[in-house]
Structures are given as C-alpha cells and as structure tokens.
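These are my notebook entries on one structure. I set out to look up how some of its helices pack and what lies around one nucleic acid strand.

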There are 2 protein chains.
Amino acid sequence: MDISLQVMSEQGVAGLSLSAVARRLGVRPPSLYKYFPSRNAVYDALFRRGQQAYLEAVRQGAAGHEPGMAAMAASLEAGARWVMANQTLAQLLFWRPVPGFVPSPQAYEPALAVHAHFAELTRAAIDRGELHPDAASEEGLALGSALIAGLLSQQLANEPAASYEQGRFTRWVARLPAVLAAVYPPRR
Amino acid sequence: MDISLQVMSEQGVAGLSLSAVARRLGVRPPSLYKYFPSRNAVYDALFRRGQQAYLEAVRQGAAGHEPGMAAMAASLEAGARWVMANQTLAQLLFWRPVPGFVPSPQAYEPALAVHAHFAELTRAAIDRGELHPDAASEEGLALGSALIAGLLSQQLANEPAASYEQGRFTRWVARLPAVLAAVYPPRR
DNA sequence: GTCTATACTCCGATAGAC
DNA sequence: GTCTATCGGAGTATAGAC
C-alpha cells in the first residue's frame with residue numbers, strides 16, 4: 001500500500017498501476033492478486049486507511065480543548081496539516097479522481113464520523129453562545145466543509161510544496177472560525 | 001475537441017484517449033496527428049478554449065452592473081453557473097488532474113485576465129466603501145478565489161447533477177460577497 | 001505464496017503509400 | 001489529408017506449475 005501511494009504521487013492518483021507496484025516490490029504482477037482481488041480493491045484499502053487517519057487527526061486536534069470554537073479551530077488546523085502532509089491520499093479521499101472507483105460503505109464509514117465530529121463541535125459552540133443555532137443545520141455544516149475544502153484544494157493545486165505556515169491559502173484556515181462566526185453571528 | 005470533451009466526461013479528464021476520439025470521429029488515429037502534434041496539445045487547446053469561455057462568462061455576468069459588490073456578486077454567479085454547465089472543462093482548468101500536462105503560457109493567458117477582472121471589481125467595491133482596502137491585497141484576492149473554488153469543488157464532487165439553484169453548495173455563491181464583507185468590513 | 005506463460009485489450013506515435 | 005502497417009510499449013487479469 002505504501003508503494004501504491006508512491007506510484008500515485010508520481011503518476012497521478014488515477015495512474016496507479018499494479019504492474020508498477022509489483023516492479024518496485026520486486027515481485028511479478030500476479031503475486032499481488034493473492035492480497036488484493038483487483039486494482040479497485042487497493043484503492044478501497046487506501047481509502048479506508050486514509051479516512052481513518054484523517055479522522056484521528058481531527059480528533060487529536062480537538063483533544064485538550066473545551067468543546068466549542070477553540071476546539072473547532074484546533075481541529076480544522078490539525079486536519080489541514082494532515083492533508084498537506086498526505087496530499088496524494090487526500091486527493092483520493094476528497095476529490096474522486098479515479099473514474100469507476102466507488103468506495104465501499106465500510107471504507108466510507110470514518111468519513112461519517114468526521115462529519116459527526118464537526119457537527120458536535122458546532123453544537124457545542126452554539127451552546128456556548130459562540131454561533132447562531134442555524135450553524136448546526138445541514139446547510140451550515142456544508143458551508144464549513146466547503147470552505148475548508150476550498151482552501152485546501154487551492155493550496156494543493158497552486159502551491160503544493162508550500163509549508164503549512166507559508167501557504168497563501170492554508171494561512172486562512174486559522175481564521176475560518178471567525179468567518180463562520182461572521183456568517184452565523186450568535187443572537188444576543 | 002468536442003468529442004475529446006465527451007470522452008473525458010466519460011473516462012475522467014485524465015482518461016482522454018486519441019484512439020477513442022478517432023473511433024468516434026470515424027477516422028484512424030494517425031489522422032489526428034495532422035491537427036494536433038500530441039495528446040497534450042489537445043489538452044492545451046481545450047484549456048485555452050475553456051479559460052477563454054470562463055473569462056467571457058464572468059465578464060458577461062458583471063456587464064450592466066455598477067462596478068462594486070453588486071457586479072462582483074453577479075460575476076461570481078455567472079462563473080459558478082458556467083462551471084456547473086461545463087464540469088469536465090472546469091476540472092481541466094481549475095484542478096490539474098492530468099499528470100504531465102502543463103498549460104502553455106498562451107493557454108494560461110485568459111486566467112490572468114480573470115484574476116485582473118476580479119481584482120478590479122474588488123478595488124471598485126473598496127472605492128465605494130463596501131470593503132476594507134485590505135480586500136484588494138493578494139491575500140484577500142486569494143481568499144475570494146479559494147472560497148468560490150471550494151464551494152464549486154464540493155458541489156462537483158458530491159452533487160454534480162444538482163441544478164445550480166438546488167445545489168447544497170452553489171446556493172452559498174450568492175452569499176459569498178456578504179462573507180467577504182464580513183471578513184473585510186469597510187472602515188467607517 | 002511465488003512463479004511462468006498467456007490471453008486480451010489498449011495506448012501514443014511514426015513511416016510512408018496513395 | 002487520409003490511409004495501412006507497424007514500433008514499442010503499457011495494462012489487468014487468469015490458469016496452472018512449483
């Protein structure tokens with residue numbers, strides 16, 4: 001799987017070739033079929049592993065903070081750092097670049113947990129009077145996920161080599177909670 | 001070129017095959033090389049055509065409005081509608097999905113004009129007291145482009161078939177100017 | 001669990017006849 | 001400006017020996 005990631009980073013996510021993997025592994029292509037029944041099965045395993053790692057990253061980021069906007073800011077940053085450090089995997093997870101590959105429900109499972117994680121942080125922020133209740137609606141959550149995805153997709157497409165601190169787009173991640181608060185000002 | 005777009009929409013942007021194009025055109029593959037010296041040349045021609053069309057869409061959108069936030073809102077919406085109506089081409093333009101393809105400077109030219117277009121609308125909005133002067137900095141312009149790109153990338157990845165009006169993400173496009181104004185409130 | 005051999009399909013690109 | 005023929009390579013996947 002590590003070698004597959006390496007090939008994808010060089011040939012494009014959709015350019016994974018089992019022959020190339022076998023070559024670098026020092027075996028013949030048919031041997032791989034003892035471990036994965038098809039090429040898409042490799043994608044699926046990578047997808048699941050990636051979703052799991054991303055979930056752990058955003059959870060780790062929130063750990064130690066009071067639930068609410070502070071935890072959300074820390075969690076967003078941790079997720080963004082994970083994406084910048086795992087760009088190839090992130091592309092597989094968040095931008096469907098492989099025609100014909102549809103992740104299995106099991107592989108998709110952690111993605112639902114990520115959504116639930118941020119929904120919970122949003123509700124906590126509302127309880128603390130940091131956001132308007134509408135922020136927890138599907139619409140509000142969609143805005144949050146779109147904003148973070150947009151910053152990161154622009155960063156990856158235009159400055160993939162930039163460090164997290166110096167990226168022209170990642171630097172906005174820290175200010176996303178303020179943007180959300182501007183769109184959903186708490187009533188008072 | 002139209003047939004190429006059709007193939008790309010079915011096989012993925014990176015999955016363009018000149019053989020498939022020739023097949024649908026009713027000619028043999030070598031004939032295509034009389035018109036394009038390589039497969040990447042086809043991508044380049046499509047890239048240029050797409051950038052040009054997108055530029056015209058955002059300019060058309062602004063036409064008839066006073067320069068400023070109203071024109072920007074109209075321009076953003078026109079651009080978003082163009083992207084939703086030309087999804088395959090938009091992927092080629094805004095998300096580099098083809099390993100090894102780098103657009104030529106000539107093909108990239110209209111993209112610079114798009115940037116200049118929005119920079120001008122931003123300055124007009126500042127002059128009218130609708131935005132803080134910092135909104136016209138490179139940082140501020142980067143935020144604007146990232147926000148719109150994020151909404152659209154999420155829309156294309158998750159609900160590509162939704163109409164512009166019903167999209168869970170496109171519906172935020174109309175409110176982007178308000179988000180920008182919240183981040184860059186004019187001094188008063 | 002690895003291999004050889006193979007079936008099958010596909011690709012981009014070029015040479016050169018017409 | 002189209003074609004045939006071809007080079008030289010790629011790929012996924014399976015059968016079956018060891």
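Before counting by element, I note that a helix here is a DSSP run of H or I with at least four residues, numbered from the N terminus. I also note that the model is predicted.

**Entry 1: the surface near DNA strand D**

I asked which element gives the largest share of the surface near DNA strand D. It is α2(A), with three residues. In total I find 15 residues surrounding DNA strand D, and the closest are A:Leu18, A:Tyr33, B:Ser31, B:Lys34 and B:Tyr35. Of the atoms of DNA strand D that come within 4 Å of the protein, sugar and phosphate account for 68%.

I then looked up individual contacts to phosphate oxygens of DNA strand D.
- For A:Leu18, a backbone N or O atom lies 2.8 Å from a phosphate oxygen of the strand.
- For A:Tyr33, an N or O atom of the side chain is 2.7 Å from a phosphate oxygen.
- For B:Ser31, a polar side-chain atom lies 2.8 Å from a phosphate oxygen.

The elements that give two or more residues to this surface are α2 (18–25) of chain A and α3 (29–32) of chain B. I sorted the surface by class and obtained seven nonpolar, four polar and four charged residues.

**Entry 2: α5 and α7 of chain A**

I turned next to helix packing, where two packed helices are described by the angle between their axes and the distance between the axes. In chain A, I looked up helix α5 (residues 69–85) and helix α7 (residues 105–127), whose axes come within 8 Å and cross at roughly 150 degrees. Because angles over 145 degrees count as roughly antiparallel, I record α5(A) as roughly antiparallel to α7(A).

From α5(A), the residues in contact are A:Met69, A:Ala71, A:Met72, A:Ser75 and A:Leu76; they meet A:His117, A:Phe118, A:Leu121, A:Thr122 and A:Ala125 in α7(A). I count seven nonpolar, three polar and no charged residues in this contact.

**Entry 3: α5 and α9 of chain B**

In chain B, I examined helix α5 (residues 69–85) against helix α9 (residues 176–183). The two pack at an angle of about 130 degrees, with their axes 9 Å apart. Is the pair oblique or roughly antiparallel? That angle makes α5(B) oblique to α9(B).

I list B:Met69, B:Met72, B:Ala73 and B:Leu76 on the α5(B) side, meeting B:Leu176, B:Pro177, B:Leu180 and B:Ala181 in α9(B). By class, I find eight nonpolar residues in this contact, with no polar and no charged ones.

Note on methods:
Residues are numbered from 1 along each chain as its sequence is written. Chains are lettered from A and ligands numbered from 1 in the order in which they are written. This is a predicted model: local features need pLDDT of at least 70, side-chain atom pairs count only at pLDDT 80 or more; totals for chains, interfaces and linings use all residues. Side-chain values use heavy atoms; hydrogens and water are left out. Axes are lines fitted to C-alpha atoms, for helices over the stretch in contact, and angles run from 0 to 180 degrees between N-to-C directions. Angles under 35 degrees count as roughly parallel, over 145 as roughly antiparallel, 65 to 115 as roughly perpendicular and the rest as oblique. Contact means heavy atoms within 4.5 Å. Ala, Val, Leu, Ile, Met, Phe, Trp, Tyr, Cys and Pro count as nonpolar, Asp, Glu, Lys and Arg as charged, and the others, Gly among them, as polar. A residue is near a molecule or strand if one of its heavy atoms lies within 4 Å of it. A polar contact is a pair of N or O atoms within 3.5 Å; within protein, one must be able to donate a hydrogen and the other to accept it, and residues adjacent in sequence count only if both atoms are side-chain atoms.
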